[in-house]
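This briefing accompanies the sequence and structure shown below. It groups the computed features by topic for use at the bench.

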Number of protein chains: 2
Amino acid sequence: MLVILVALLWFTTVEASHCSIMARLSLMRNISELSQNNYGRPDLSHTTIVGSVLHGIKEIEVWLQNFAPGSSTPIHRHSCEEVFVIVKGQGTLYLTPSSHSKYPGNPQEFHIFPNSTFYVPVNDAHQVYSLP
Amino acid sequence: MLVILVALLWFTTVEASHCSIMARLSLMRNISELSQNNYGRPDLSHTTIVGSVLHGIKEIEVWLQNFAPGSSTPIHRHSCEEVFVIVKGQGTLYLTPSSHSKYPGNPQEFHIFPNSTFYVPVNDAHQVYSLP
């Protein structure tokens, strides 16, 4: 099992009304009581600790994600930076630096361990694996 | 003692050269081995998990901060959003919403507890206390 805390800048594509949405949510929240979703994947548990549309926040999203042993994120990239803090478990990060180049080359492989941290630059293709 | 994880968007005032700085730091780092600083305050321990100038990251900073019992942040505000995750300890958040108004009113008081989370909107004056 791999538990990660993710912070990323996420520009809203939906216009979030700060005041009206805030009024429906309490400011102080217990992470243990926040709703989880697996988006149709039984090997994933995702919690949005704070999010742009739900909470009216405009600049940052913070997620808590739990990956079952042997599962992974898809290979993906995005137009924002992403910071990872590993809360629990071990795994592998595959990162292709300079993915904006025409020939980004092969992904580099990094071991992920508890209390480790790393970040993914804008548009760098990456994938995170939970150790089987 | 209050241990908090802070994520905030922090526009660099110093031009950070992404490639040249990255080359001097390993991408995967152990948070336990990162250098700490107290900025002249014996009641504070601050670790920059990832930062704009040090690591060449441009959008987000993530900090780990440890406040001794009875200590606090100054009352302050800033032109970015800030997300808090409470790792350990209890305390109080004082937050003055709508500080951009001419008369922002009195600060609201919130209890901080382990595994709680909150965020501070842009420019809202706030102060975090560690329980004595």
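**Sheets and the two-chain interface**

In chain B, strand β6 (residues 91-96) is joined to β9(B) by six bridges, and the two run antiparallel. Strands, like helices, are DSSP runs numbered from the N terminus (strands are E, at least two residues; helices are H or I, at least four), and two strands pair if DSSP finds at least two bridges between them. This is a predicted model, in which local features need pLDDT of at least 70 and side-chain atom pairs count only at pLDDT 80 or more, while totals for chains, interfaces and linings use all residues. Residues are numbered from 1 along each chain as its sequence is written, chains are lettered from A and ligands numbered from 1 in the order in which they are written, and side-chain values use heavy atoms, with hydrogens and water left out.

**Sheet of chain B**

- Gly91(B) has Ser130(B) as its bridge partner in β9(B).
- The open sheet has three strands in the order β7-β6-β9 (chain B), paired antiparallel.
- β7 (108-112) and β9 (125-130) of chain B are at the edges with a single partner strand each, so one side of each has no neighbour in the sheet.
- On average, neighbouring strands of this sheet are turned by 20° against each other, direction ignored; axes are lines fitted to C-alpha atoms (for helices over the stretch in contact), and angles run from 0 to 180 degrees between N-to-C directions.

**Sheet of chain A**

- An open sheet of three strands, in the order β7-β6-β9 (chain A), has antiparallel pairing.
- β7 (108-112) and β9 (125-130) of chain A are the edge strands, each with a single partner strand, so one side of each lacks a neighbour in the sheet.
- From one strand to the next, the twist averages 20°.
- Strand β6 (residues 91-96) of chain A runs antiparallel to β7(A) and is joined to β7(A) by five bridges.
- Leu93(A) lies opposite Phe110(A) in β7(A).

**Relation of the two chains**

- A turn of 180° with a shift of 0.0 Å along the axis lays chain A on chain B with an RMSD of 0.0 Å (least-squares superposition on C-alpha atoms of residues with pLDDT of at least 70 in both copies).
- The two copies are thus related as by a two-fold rotation axis.
- Ala7(A) comes closest to the rotation axis among the residues of chain A, at 3.4 Å (C-alpha).

**Interface**

- Contact (heavy atoms within 4.5 Å) links 39 residues of chain A with 38 residues of chain B.
- Chain A and chain B bury about 3300 Å² between them, 70% of it on carbon and sulfur atoms; buried area is the accessible area (1.4 Å probe) that two parts lose on being put together, summed over both.
- Leu27(A), Met28(A) and Tyr119(A) lose the most area to chain B on the chain A side, together 22% of what that side buries.
- Zero salt bridges are found across the interface of chain A and chain B (side-chain nitrogen of Lys or Arg within 4 Å of a carboxyl oxygen of Asp or Glu).
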